[in-house]
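Colleague: I have the chain open and would like to go through its fold with you. Shall we start with the overall layout and then turn to single residues?

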Amino acid sequence: MNTDQFKPATVYTIYIASTPEKVWEALTSAEFSRKYFFGNAVEVDLKIGGAYIVRTPDGALHISGEVIECDPPKKLTMTFNVNWPELIEKLGPTLVTYEIEPAGDAVRLTMTEAHDRPLSDDILTGGRQGWPAILSSLKSLAGDRRSAGDQDAAAAADAGGVAEDGDQDAVTPGNRLRVSGDDESPATNCRACHET
């Protein structure tokens, strides 16, 4: 798949008091993903060309795709196609990338949703509501899943906040989600991710 024509439409950066390995596990484990992805289970064959599937709580296919890039525990890129034909027609192919980087005593997780065509804000609104809810829940569950010594360091980082590129307004101790998009309200279910 040629990804050169895909342009980022939505980008979120979140800081998690955890390790890259634990965040990777949260992103790729069916059992863990059920806890933060609205009850949906992520099933991923961690190799280039491997299947990426998200199943609803009743086991039905919700999202399907293919792994495009897999570099544990640093980067995972996959196609991300919701199982609603009318929406796929509007969206076209979607490419989702997770980048995991150490950031002091925390982990910086950046999620990028890219498309091969310009899309209107009304089509992107659902995802811009759903992703913050998913990532915030992931942060709550994956944070502080380290040894006691590492947790002490994480607590110190939480007390002072972690900023990106010296921008002290980007991240505060109580609100570590940095959003690029207009709507930051959480979605109540995953179907809302892309409803128009």
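Colleague: How many helices and strands are there in the chain?

Modeller: Bear in mind that this is a predicted model. From the N terminus on, the elements run β-α-α-β-β-β-β-β-α-β-β-α-α-β. The chain has five helices and nine strands.

Colleague: What percentage of the residues count as buried?

Modeller: The accessible surface comes to about 9,100 Å², and carbon and sulfur atoms hold 46% of that surface. Burial is counted by residue, with a cut-off under 20% relative accessible area. Of the 196 residues, the buried part is 46%.

Colleague: What share of the contacts with a separation of 6 or more comes from residues 24 or more positions apart?

Modeller: A contact here needs heavy atoms within 4.5 Å. Among contacts with a separation of 6 or more, residues 24 or more positions apart account for 56%.

Colleague: Now the strands. How many bridges join E3 to E4?

Modeller: E3 covers residues 51-55 and E4 covers residues 61-71. The two run antiparallel, and Tyr52 stands opposite Gly65 in E4. Their hairpin has five residues between the strands, and Gly59 takes a positive phi near 95° there. The number of bridges joining E3 to E4 is five.

Colleague: Which residue in E5 is the bridge partner of Val67?

Modeller: E5 spans residues 75-79. E4 and E5 pair in the antiparallel sense over four bridges. A hairpin joins them through three residues. In E5, the partner of Val67 is Met78.

Colleague: And in E6, which residue is the bridge partner of Ile63?

Modeller: E6 consists of residues 81-82. Two bridges join E4 to E6, and the strands run antiparallel. The partner of Ile63 in E6 is Val82.

Colleague: Which residues does a cis peptide bond join?

Modeller: Most peptide bonds are trans. This one has an omega of about -10°. One of its residues, Pro73, is found in the loop between E4 and E5. The cis bond joins Pro72 and Pro73.

Colleague: Is Phe38 buried, exposed or partly exposed?

Modeller: Phe38 lies in the loop between helix H2 (30-36) and strand E2 (41-44). Phe38 has a positive phi of about 55° although it is not a glycine. Its relative accessible area is 28%. Buried needs under 20% and exposed over 50%, so Phe38 is partly exposed.

Colleague: Which backbone oxygen does the side chain of Ser33 reach?

Modeller: Ser33 lies in helix H2. Ser33 counts as buried because its relative accessibility is 0%. Not counting residues up to four places away in sequence, Ser33 touches Ala26, Asn40, Ala41 and Val42. At 3.0 Å, its side chain reaches the backbone oxygen of Ala30.

Colleague: Which residues touch the most other members of the largest nonpolar core?

Modeller: The core holds 39 residues. Its largest share, seven residues, comes from helix H4 (residues 121-142). The residues that touch the most other members are Tyr98 and Leu109.

Colleague: Which residues does Tyr98 touch, not counting those up to four places away in sequence?

Modeller: Tyr98 is one of the two residues that touch the most other members of the core. Its contacts include Met78, which is the bridge partner of Val67 in E5. The full list for Tyr98 is Leu27, Lys74, Lys75, Leu76, Met78, Leu109, Thr110, Met111 and Trp131.

Methods:
Residues numbered from 1 in each chain as written. Predicted model: local features only at pLDDT ≥ 70, side-chain atom pairs only at ≥ 80, totals over all residues. Heavy atoms only, no water. Pairing = 2+ DSSP bridges. Buried < 20%, exposed > 50% of the residue type's maximum accessible area, 1.4 Å probe, protein only. Areas by Shrake-Rupley, 256 points an atom, 1.4 Å probe, with all protein chains shown as cover. Polar contact = N/O pair within 3.5 Å; in protein donor to acceptor, adjacent residues only side chain to side chain. Core = buried A, V, L, I, M, F, W, Y, C linked by side-chain atoms within 4.5 Å.
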